[in-house]
Structure formats: structure tokens, C-alpha cells
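Colleague: Please take a close look at one part of this model for me: the charged pairs, and the loops that hold them. Then place that part in its wider setting.

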Amino acid sequence: MKLASLKNGRRDGALHVVDRTLTRAVPVPAYPTLQAALDDWAQAEPVLADISAKLNGGQWAGIAFDPAACLSPLPRAFQWADGSAYVNHVALVRKARGAELPASFWTDPLMYQGGSDAFLAPHDPIPLKDPQWGCDFEAEIAVVTDDVALGSDVSVAATRIRLLMLVNDVSLRGLIPDELAKGFGFFQSKPASSFSPVAVTPDELDAAWDGKRLAGALRSTLNGQLFGCPDAATDMTFDFPTLIAHAAKTRALGAGTIIGSGTVSNRGPDGGPGTWVDEGGRGYSCIAERRMVEQIATGKAVTPFLAKGDRVRIEMLDAKGASIFGAIEQVAQ
């Protein structure tokens, strides 16, 4: 199933089932919001699956689906915790600010709790209050869980994944060093994130989803130019069940919890940081990584962070070239 929350003048939007081609949608009277469905997933799933089957089978016409009319699938969530599953990314951005990578980062995932009371819609502008703050996009994958009991292990965590989405985890790079130096984590440097127009159940992903990782190129474009296309399953040090179990070590997770992968990042064939797309590499899922590679190569980072008018697009295509989640498409302003 593919699920979206369409704008209806209310904070949580209206839950719709969307067809596989992302062209038609049907509202769900029994479950007005996605959170309502997640709260009652055992009963809601067959209802949603029946609507999906009829919509995809042509029995129901539905309405035209417009990604620009979408809120993020969960416009607000009880919990949004973003991990750093790709240690290659962590190593690069830490090097950029002169910080060493502790050995424990390879065995114990990083995770921060982000603001979840109001996410940006997938086509909302990225607020650029002060360009000197170094606004950056970060292309990621996220899962949405059912209830996860306190202390659940990896095997149990794997059974609690209900949906997958794409993420733009907006970061203010210029604020991060001073904020982290206080020893109390991110806050001002992590403004509102946005998510893909639709959330997708794992069964829709076929062989691309192995229950732990999502394979496929996560495509990021900046002003129409391909910026990165790393494979989301490659170099993922910590898989999603591991991230969920990490989050649940000392607390239960409520239905609708969003767990992010962190910025998708691939090493180069030589084990190094790789290179940009126009030189035959997989590129990068954020500006900070490219700047670090520029610094390594030339001694100077030259790619600027986002400026007013810059357009970011994040998308993943299936084996036939069709968009899986719809595209996050945002302009900095």
C-alpha cells in the first residue's frame, strides 16, 4: 500500500490510499488520519489493503493524486528519532569540523531526537532565515513503527516496521559545532524535516526490501543537477531493526514513531569518500560531504550551502524507473 495525508485545512490532513503509479487516490472514512490507522493497525491494515486492491485493480476511480497537495505522511508525530546508520557520513562531517571519529561509532549507533510537532510538507519551502547558518539538505530513508516494547531486541524490532518513507533532514551546519560543544546535543541546528509525499508498506518494495535495509539509489538533485545517487543498502553500518532496538533500549516506542537512517552515504571503490556524480561517482546526499571531499582534494571547500531560490529534489525510483515514494521537492526561501 501507498499512503498519503492530503491537505484539508487540519493539522493532520486526510488519510488517502494512493495507487502504485501515484496518479489516483481514495480517502479512508474509517481512518481519517494516518496516525489513527497506526493506532489500530491490526484492524486498519486489511481495510487499507482492500481499498488499495480495488484502486489498483481499477474498481475504484478515486481522485487525481497531486503530490503538491500532500502534507508529510505523518504531518506531526509522537516521536522522530534520527540515527546515523552510515558511519562514512559521520566520519566525513566530523572531519570537516576537526573532530576525530571514536572507534565506538562503528559498534554503537548515534541517534538524536528531533522536533516532531510540525514537519514540513514535501513541497513546502525550506525556511532560510539566515544564510550564514549554512543550511543543508540531507537525503535519508525512514521507517514508521507500530508499538515497540521497552527493551525489544533486534529480532522483535524487525517485526514492528509498518511503513517506509524518504526524508529531507534539514541541517544548519553553521550552528552545529557550537551547539554540540555544549555537550547537550542538537536543537537549534536541526529545524523541521520533511518527508516524501507517500509512505509505503514493506510488501510494495519487493526484493528491494530485505526486512532490514532498502536497496536502491537515493537520488538528490540540486537546481536540476544530480548531486548524489548512493545506494541505500550499501555501507549501511546499522540496519533499521538495530536502530529501532537502540531507541527502545530504555523506553517504549509508540505507534507512529519515525526512525531515520541518517544521511545515506557510500564509500568510493577504494574505500575512500568517493567522488561526485559528474566524475563517475555516486556523489553525496548532503552538501557537507561534498565540501569535505573538496577540502581533502584541494584544501578548500567551494560548494556553497543553500541560498535563496535553490531547489532540492529527493526521490527513489524502482527497477522500472517509476517513483516509489513520490519526490520531496523544496525551494530554499
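Modeller: What follows starts with one loop and works outward.

This is a predicted model, so to speak of local features I need pLDDT of at least 70, and side-chain atom pairs count only at pLDDT 80 or more, while totals for chains, interfaces and linings use all residues. Residues are numbered from 1 along each chain as its sequence is written, and side-chain values use heavy atoms, with hydrogens and water left out.

Start with Asp146. It sits in the loop between strand E9 (139–145) and helix H4 (154–158). Helices (H or I, at least four residues) and strands (E, at least two) are DSSP runs, numbered from the N terminus. Asp146 is buried, at 10% relative accessibility. Here buried means under 20% relative accessible area, exposed means over 50%, and partly exposed is in between (1.4 Å probe, protein chains only).

Asp146 forms a salt bridge with Arg162. That term stands for a side-chain nitrogen of Lys or Arg within 4 Å of a carboxyl oxygen of Asp or Glu. In this pair the closest N and O atoms are 3.2 Å apart. Arg162 belongs to strand E10, and the two partners are 16 residues apart, so the bridge links distant parts of the chain. Asp146 and Arg162 are both buried.

Asp146 also has a salt bridge to Arg160, with the closest N and O atoms 3.8 Å apart. Arg160 lies in the loop between H4 and E10, so this bridge ties together parts that are 14 residues apart in sequence. Arg160 counts as partly exposed, at 23% relative accessibility. Side chains of opposite charge can pair when their charged atoms come close.

Val148 shares the loop between E9 and H4. With 2% relative accessibility, Val148 is buried. Along the chain, Val148 and Ala245 are 97 residues apart, yet their C-alpha atoms are separated by 8.6 Å.

Now the core. The largest nonpolar core has 57 residues. Such a core is a set of buried Ala, Val, Leu, Ile, Met, Phe, Trp, Tyr and Cys residues joined through side-chain atoms within 4.5 Å. The residues with the most contacts inside this one are Phe65, Ile141, Leu164, Leu306, Met316 and Phe325. Among the elements that each supply at least two residues of this core are strand E9, strand E10 (161–168), helix H6 (240–247) and helix H7 (287–298). H6 gives the largest share, 5 residues. In soluble globular proteins, nonpolar side chains tend to be buried together.

Back to the charges. The whole structure holds 15 salt bridges. One of them joins Arg267 and Asp235, whose closest N and O atoms are 3.2 Å apart. Arg267 lies in the loop between strand E16 (258–260) and H7, and Asp235 in the loop between strand E15 (225–228) and H6, so this pair ties together parts that are 32 residues apart in sequence. Arg267 is partly exposed, at 32% relative accessibility. Asp235 is also partly exposed, at 23%. Elsewhere, salt bridges link Asp136, Glu138, Asp169, Arg173 and Lys190 in a network.

H7 itself carries Arg291. Arg291 is partly exposed, with a relative accessible area of 24%. From Arg291 to Phe186 is 105 residues in sequence and 21 Å in space, C-alpha to C-alpha. Thr303 is in the loop between H7 and E17. At 13% relative accessibility, Thr303 is buried. Its C-alpha atom is separated by 7.3 Å from that of Arg290, 13 residues apart along the chain.

Some charges gather on the surface. Glu45, Asp203, Asp206 and Asp318 form a patch of negative charge there. Charged patches join like charges within 9 Å, using residues with over 30% relative accessible area and no salt bridge. Asp206 is placed in the loop between strand E13 (199–200) and strand E14 (218–222). Asp206 is exposed, at 61% relative accessibility.

Asp206 has a backbone feature too. Its phi is near 50 degrees, a positive value in a residue other than glycine. Leu22 also has a positive phi, near 60 degrees. Leu22 lies in the loop between strand E2 (14–18) and strand E3 (24–27). Leu22 is buried, with a relative accessible area of 12%. Most residues other than glycine have a negative phi.

Definitions and conventions
Patches are made of residues with over 30% relative accessible area and no salt bridge: like charges are joined within 9 Å, nonpolar side chains (Val, Leu, Ile, Met, Phe, Trp, Tyr) within 5 Å. Accessible areas come from the Shrake-Rupley method with a 1.4 Å probe; for residues, only the protein chains shown count as cover. Lys and Arg count as positive and Asp and Glu as negative; His and the chain ends are not counted. The place of a charge is taken as NZ of Lys, CZ of Arg, CG of Asp or CD of Glu.
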